[in-house]
Amino acid sequence: MNAIFVADKPTGLSSNQFLSRLKRKYKVKKAGYSGTLDPFASGALIVAFGSYTRLFRFLNKSPKVYEATMWIGASSKSLDNQNITQVQKILPFAPSSLEIVRQDLLGGVEFIPPKYSAKNINGERAYNLVKKGIEFELKKQTMQVFSCEILHYMHPFLTFRISLSEGGYVRSYTELFAKKLGFDATLTALRRISEGKFKFENEKFLNPTEILDIKDNEYLGDISDLLDGKELNVGKLKFKENGIYLLNYDKFFSIIEVQNDMVNYCLNKVEKC
């Protein structure tokens with residue numbers, strides 16, 4: 001089965017555990033997902049079966065929109081509700097103080113990714129290194145905070161809706177927000193609403209040629225060249241400039257890359273669902 005859709009991951013399961021459930025539900029063997037959600041988090045997870053697992057890198061998944069709740073005054077090494085070590089009692093904040101911090105954390109924001117994350121460090125996930133007690137440092141990065149709206153404040157819990165660039169971390173945003181207030185904070189809830197235009201719609205299967213972030217092209221030569229995976233002639237393409245293109249036909253599609261008058265297959269002859 002070839003399919004791609006958005007699933008709704010519940011809290012309490014890792015993304016891998018949830019994927020295993022979907023594989024059993026749909027009776028498929030080959031499956032994958034894009035954009036790991038931590039076990040305590042829930043929400044939109046892009047899932048693909050069969051050959052469509054190779055399409056993730058051609059999707060535009062920015063911005064990412066989340067709804068989250070932070071607990072101001074609570075400390076956790078993982079910046080979530082799994083490892084809370086200390087809770088500090090603090091007085092409530094004036095709404096104007098929260099608004100000043102919200103406005104200050106818009107646009108390009110520098111941050112250091114949390115060590116309890118899926119960041120790849122020399123071939124191993126950062127969270128695995130933490131569990132093994134191995135010391136390491138993560139480099140400072142910049143994320144774009146496109147928007148942030150405070151939805152509800154019931155001290156010491158602050159609920160907000162945030163739109164981030166791909167690669168941004170809501171946990172890191174929460175840490176920065178709290179530091180500007182002079183305290184620690186941790187997330188108690190995190191739900192991903194969407195990734196780009198991808199949001200949960202009851203696991204509706206998506207048309208891959210309508211969701212790929214690739215320019216359409218046409219091959220004006222013999223279609224059997226595509227069917228047989230033969231070398232393609234750049235001169236027979238409608239658009240010959242360097243770039244990645246989609247060749248779309250009734251029952252299949254191919255993704256090619258044009259580079260210096262050469263045509264390379266990114267994906268050759270993928271059957272439509």
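These are my notebook entries on a few places I looked up in this structure, which is a predicted model.

**Entry: helix α4**

I began with helix α4, which covers residues 170-181 and so counts 12 residues. From its first C-alpha to its last the helix reaches 17 Å, which is close to the 16 Å expected at 1.5 Å a residue. I then asked which residues of α4 are buried. The list I noted is V170, R171, S172, Y173, T174, F177, A178 and L181. I recalled that an α-helix has 3.6 residues a turn, so residues three or four places apart point the same way. Looking up what the buried residues of α4 pack against, I found the helix α2 (95-104) together with the strands β4 (64-72), β7 (107-111), β10 (141-154), β11 (157-164) and β12 (185-195). Just after α4, I noted that G182 takes a positive phi of about 95°.

K179 also has its place in helix α4, and I wanted to know whether K179 is buried or exposed. K179 counts as exposed because its relative accessibility is 54%, and the cut-off for exposed is over 50%. I also looked up its separation from I72, which is 107 residues away along the chain, and found 9.8 Å between the two C-alpha atoms.

**Entry: S75**

S75 lies in strand β5, which runs over residues 74-76. With a relative accessible area of 12%, S75 is buried, because the cut-off is under 20%. Which residues does S75 touch, once its neighbours within four places in sequence are left aside? I found N83, I84, T85, Q86 and D184 in contact with S75, and with D184 there is a polar contact of 2.9 Å between the two side chains.

**Entry: E203**

I found E203 in the loop between β13 (198-199) and α5 (208-211), where E203 is buried, at a relative accessible area of 13%. Leaving aside neighbours within four places in sequence, its contacts are F5, V6, A7, L22, K25 and Y26. With Y26, I noted a polar contact of 2.5 Å that joins the two side chains. The C-alpha atoms of E203 and I46 are separated by 9.6 Å, although these residues are 157 places apart along the chain.

**Entry: strands β2 and β3**

I46 came up again when I turned to strand β3 (residues 42-49), since S34 stands opposite I46 in β3. Strand β2 (residues 31-34) is joined to β3 by four bridges, and the two run antiparallel. I recalled that in a regular strand the side chains alternate between the two faces of the sheet. Along β2 I saw such an alternation, with G32 and S34 pointing to one face and buried, while A31 and Y33 point to the other and are not buried.

**Entry: the sheet β14 to β17**

Four strands form an open sheet in the order β14-β15-β16-β17, with mixed pairing. I asked which strands stand at the edges. They are β14 (215-217) and β17 (262-271), each with a single partner strand, so one side of each is left without a neighbour in the sheet. From one strand to the next, the twist averages 30°. Strand β16 (residues 252-259) pairs with β17 in the antiparallel sense over seven bridges, and I256 stands opposite Y265 in β17.

**Entry: cysteines**

How many disulfides does a search of the whole structure find? The search finds zero. I looked up two cysteines and noted that C148 is buried at a relative accessible area of 7%, and that C266 is buried at 18%.

Key
Residues are numbered from 1 along each chain as its sequence is written. This is a predicted model: local features need pLDDT of at least 70, side-chain atom pairs count only at pLDDT 80 or more; totals for chains, interfaces and linings use all residues. Side-chain values use heavy atoms; hydrogens and water are left out. Buried means under 20% relative accessible area, exposed over 50%, partly exposed in between (1.4 Å probe, protein chains only). A polar contact is a pair of N or O atoms within 3.5 Å; within protein, one must be able to donate a hydrogen and the other to accept it, and residues adjacent in sequence count only if both atoms are side-chain atoms. Contact means heavy atoms within 4.5 Å. Two strands pair if DSSP finds at least two bridges between them. Axes are lines fitted to C-alpha atoms, for helices over the stretch in contact, and angles run from 0 to 180 degrees between N-to-C directions. A disulfide is a pair of cysteine sulfur atoms within 2.5 Å. The expected span of a helix is 1.5 Å times one less than its number of residues.
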